[in-house]
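Trainee: I have this one open in the viewer and would rather understand one part properly than skim the whole thing. Could you pick a part and take me through it closely, with whatever you need from its surroundings?

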2 protein chains.
Amino acid sequence: MDLHGKNFIGGQLSAGGVTTFNATNPATGESLDPPFHLATEDDVNAALAHADQAFPVYRRIPTEQRAAFLDRIAEEILALGDVLIKRAQAETALPEARLLGERGRTIGQLKMFAELIREGSWVEATIDHALPDRKPLPRVDLRRMLIPLGPVVIFGASNFPLAFSVAGGDTASALAAGNPVIVKAHPGHPGTSELTARAIQTAAEATKMPPGVFSMLHADVPTGVKLVQHPLAKAVGFTGSLQGGRALFNIAAARPEPIPVYAEMGSINPVFVLPGAMAKNGPALAEGLMQSVTMGTGQFCTNPGLVIGVQNSGLETFVQKAGELAGKFSGTMLTHGICERFHDNLAKVRELPGVTMQGTAPVKATSQAQAAAAVLSTDAPTFLRHHELQEEIFGPVTLIVGCKSAEELETIARNMAGQLTATIHGTEQDLADHRNLIAILEQKVGRLLFNGFPTGVEVCPSMQHGGPYPATTDSRSTSVGTGAIKRFARPICYQNFPDATLPEELRDANPRKIWRLVDNQMSR
Amino acid sequence: MDLHGKNFIGGQLSAGGVTTFNATNPATGESLDPPFHLATEDDVNAALAHADQAFPVYRRIPTEQRAAFLDRIAEEILALGDVLIKRAQAETALPEARLLGERGRTIGQLKMFAELIREGSWVEATIDHALPDRKPLPRVDLRRMLIPLGPVVIFGASNFPLAFSVAGGDTASALAAGNPVIVKAHPGHPGTSELTARAIQTAAEATKMPPGVFSMLHADVPTGVKLVQHPLAKAVGFTGSLQGGRALFNIAAARPEPIPVYAEMGSINPVFVLPGAMAKNGPALAEGLMQSVTMGTGQFCTNPGLVIGVQNSGLETFVQKAGELAGKFSGTMLTHGICERFHDNLAKVRELPGVTMQGTAPVKATSQAQAAAAVLSTDAPTFLRHHELQEEIFGPVTLIVGCKSAEELETIARNMAGQLTATIHGTEQDLADHRNLIAILEQKVGRLLFNGFPTGVEVCPSMQHGGPYPATTDSRSTSVGTGAIKRFARPICYQNFPDATLPEELRDANPRKIWRLVDNQMSR
């Protein structure tokens, strides 16, 4: 399957832009064909205009057809077969097994949202019947449900070329809720993006969706900004750096009409190893930790970049073991730029007084994108003094902080910025001794783990992948799991409408058999 | 009951500020005792510090006690008796009957949120049990629920001195969700605010809440800004002007840690009168309209400031009738400033070429805050040409736009900014002939009414009081009804936690008997 390198604009292809770029194989440094056309401002305007035209049609397409569209996207992605996996491997250096797993997750997400909208209760239908005889005033008939927001701009992530990219979680949830989607492809994997966009395109045509339901642009930063600034854009999804996410948030907030930005950004995902657990399982925990730190060459949002323990011989053994394991791992990062930033940031941190390198491997010279795992250690005062030690270093590195006491450990927790996750390793006795720690961490994170590692995010209704700033720009939302559909929807209330003119979800007969709150009682 | 004019800072009174101001009776222009102390920056810092201290305690107080606190606030407000009503009347010129009704609503809201948290299902508890044998990977135990955000800053509204002020909807929902509250009192009714704050204070003491759970400051604009900028503030509620709300939104978005701002701002609440309805009910609709326009001297957020009809003799009669009725109404506005802006804005609009004054009453000279109702008319091209005709004029005025055709009427709908409400008056035949209009308006509003008037907002689960910008800064939220509790909460997920360490809502035995989604099935 030959790649064409063009932009997808509402069912058509565009190569209007004269500027092109090529993908690079991070493992070898070689440039990959074909050249990809950067979108122009005209492309941006056309994509948004198509999306705006498609919106009123798409949002009222019967749910079963919308679900069939999502299912079909999943099938078309699978039908790309080995071509997709091979191209993704060439562009990202992620191993085949990982990419096969990620494809499974991507397909699973699409099908999950298809099932969610088929079931239908996600719209939170709420009905209060009229009370014409109520005193002093009668009550009118009121019915409320969630409806889609409008065209959604989604920025593909570098680190999940399938599951958080063109047909990733944000695209699946936005489409499921009834919103057209415009994806800005990540420049790290433009070919993978094109292949996925083709799958969506084919699915849209096969299931007779309005053409503007989907566009995908290859875009530089100024063009990405134009997407967010466009008056017809109604929400933004982003996964990436703090700097990038905050910039988009600021741009969206400064629009004449501000729009929500769901940016998932930096997180160091602290892991607290309490004394009982350390005494019982120290070496096994060090192994589990380093497996989590090096997974995907440390390029997961939930990578545990910080470990906090109480200084004792158990912690010493733990640090030593983790350092040894770090010395055995190196891997290719997603892009040369990401790898360079990893080395720069690591160099800055390891030079701080009070920070010790406990173990790292020599980097192979075969590739510029090769990163070696690293374990650093420090004490609590040093950690609290240097704010840069709280900043995410995207890559296979973790910092272990030794505390003198449970109080010092709590102080670190209290001083922590918002996180996607925090983890407590402990015995039940540890938990009983540190009830305060749970309470502190609840205020800091989106997900709190006990005796586990934060990498590996389950896609299910009870997942919360989000957290207080700077983990995300909106702690009220999740980017993983069925709850993600809510980010691209808002409530509307119908007052006194004839039954036949109401959306099916709100009609008296409940034809969709969904769960509804009717006169304050749940029923279906 | 003598007023002291002080600020309420976490259970203590503060009169640290040397600057004072007095309330004014808008009906007479007289200054009302006592002087009120403007809060200082120290007061701001103290209020937030107390709130931050109170938060970890308050959020974990058993629900029944938190509900008892809300119920007690309601009782204490009622116990203020006539003193509260009299003071509110003196400060706002709102009639006694309206204030008694508003007190009823205020108390009702507090009790509604008490019941909501007693029932408990609002936390959206979601459980996915572990699947240790799942292939290729086991699933861990995951449990998700909503938890409070932290200290919430609430700006009292001018137009609801009870129901959207110190103990209004935002305070009730924020406290119910488990957040401490810091209210910035509206300077239009400082005495009413003090009395209400006393009621909350008494209730907090009687039910043994941590003192920092509630503070109330009299503050000028720069001090209000400091409240929003304070790093310990985690969310903001506001009801008022577009200018004010947008300014607070911008300030919150520019913080190092951005926080959500729920600002409910301007809305002109368009009313579409379709031909069938006009022919059938024209004069009665004109009466209903003017009752809605003049209610509370036009000072409701849902005041219908725009009527759109199709030009014919029916519309002519309607316009004439509305104009006549306008000539019969005048009333005292909430403050002299509000009244002055009303007259200024009205003067600007009525001078526009193509805009005709159809009726207004002479203003009585007895008071500076006296406003006469007004009905203006214009045609669609004029309306579309002048953007200022789409801006809210806060007060008893409405503009009637005559369209040449159903298409022109739809064009107006399409060009409309976001609104709290839109209304369609029609026969069933009208609705069938204008299905497009419903679809267009769904994208513009928070609440869509059929054959009614938008004033009179029911407080219930299915109410949506919000809407796309500029109606509010966050269309995903409502400020009225049980749904409002969600604005001050966010989800957290617990992974693999021992049952006993989980919040009650997530324990296997479901001790609170709440509705939960367990392994994708609703149950309690």
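Mentor: Start at B:P34, which sits in strand β4 of chain B, residues 31-37. Keep in mind that this is a predicted model. The peptide bond between B:D33 and B:P34 is cis, with omega at about -5°. Chain A has a cis bond between A:D33 and A:P34 too, with omega at about -10°, and A:P34 is likewise placed in a strand β4, residues 31-37 of chain A. They're worth a look because most peptide bonds are trans.

Now for the part I'd like to dwell on, the sheet that crosses from one chain to the other. Read along its strands and you get β23(A)-β22(A)-β5(A)-β6(A)-β21(A)-β20(B)-β19(B)-β12(B)-β13(B)-β18(B)-β17(B)-β15(B), twelve strands in an open sheet with mixed pairing. The edges are β23 (521-523) of chain A and β15 (356-360) of chain B; each has a single partner strand, so one side of each has no neighbour in the sheet. From one strand to the next, the twist averages 20°.

Zoom in on the crossing itself. Strand β21 of chain A, residues 489-495, runs parallel to β20(B), and three bridges join them. To find the spot on screen, pick A:Y494, which stands opposite B:L448 in β20(B). Move one strand further into chain B and you reach β19, residues 419-425, which pairs in the parallel sense with β20, residues 445-450, over five bridges. Here the pair to click on is B:I424, opposite B:F450 in β20(B).

Keep going and you come to β12(B) and β13(B), another parallel pairing, this one over four bridges. B:V271 faces B:V307 in β13(B) there. Strand β13(B) is mostly covered, with four of its five residues buried. One element that lies across this region is helix α10 of chain B, residues 313-326: it crosses β13 (306-310), β15, β17 (374-379) and β18 (397-403) of chain B, at about 50° to β15(B).

Back towards the crossing, look at helix α15(B). Its buried residues are B:L437, B:I438, B:I440 and B:L441. These cover an arc of only 165° around the axis, so they're on the same side of α15(B). What do they pack against? The partners are β12 (270-273), α13 (406-414), β19 and β20 of chain B, and you've just met β12, β19 and β20 as strands of the sheet.

Step back to the whole contact between the chains, and 53 residues come from chain B and 52 residues from chain A. On the chain B side, the elements giving two or more residues are β5 (126-128), β6 (142-148), α8 (242-253), α14 (428-433), α15 (435-442), β20 and β21 (489-495). The residues on that side divide into 28 nonpolar, 14 polar and eleven charged.

For one residue to follow across that contact, take B:L431, in helix α14 of chain B. Is B:L431 buried or exposed? It has 21 other C-beta atoms within 10 Å, and 20 or more is the cut-off, so B:L431 counts as buried. Leaving aside residues up to four places away in sequence, B:L431 touches A:P498, A:T501 and B:G426. B:F450, the residue you clicked on opposite B:I424, is 19 residues from B:L431 in sequence, and their C-alpha atoms are 9.5 Å apart.

Finish at the chain A edge of the sheet. The loop between β22 (516-518) and β23 of chain A holds A:N520, whose phi is positive, near 70°, although the residue isn't glycine. That's one to check by eye, since most residues other than glycine have a negative phi. A:N520 has 15 C-beta neighbours inside 10 Å, so it counts as partly exposed. In chain B, the loop between β22 (516-518) and β23 (521-523) is where B:D519 lies, and its phi is positive as well, near 50°. B:D519 is partly exposed because it has 13 other C-beta atoms within 10 Å.

How values were computed: Residues numbered from 1 in each chain as written. Chains lettered and ligands numbered in written order. Predicted model: local features only at pLDDT ≥ 70, side-chain atom pairs only at ≥ 80, totals over all residues. Pairing = 2+ DSSP bridges. Axes fitted to C-alpha atoms, helices over the stretch in contact; angles between N-to-C directions. Contact = placed C-beta atoms within 7 Å. Nonpolar A, V, L, I, M, F, W, Y, C, P; charged D, E, K, R; others polar. Buried ≥ 20, exposed ≤ 12 C-beta atoms within 10 Å, placed from the backbone. Arc of directions from axis to C-beta.
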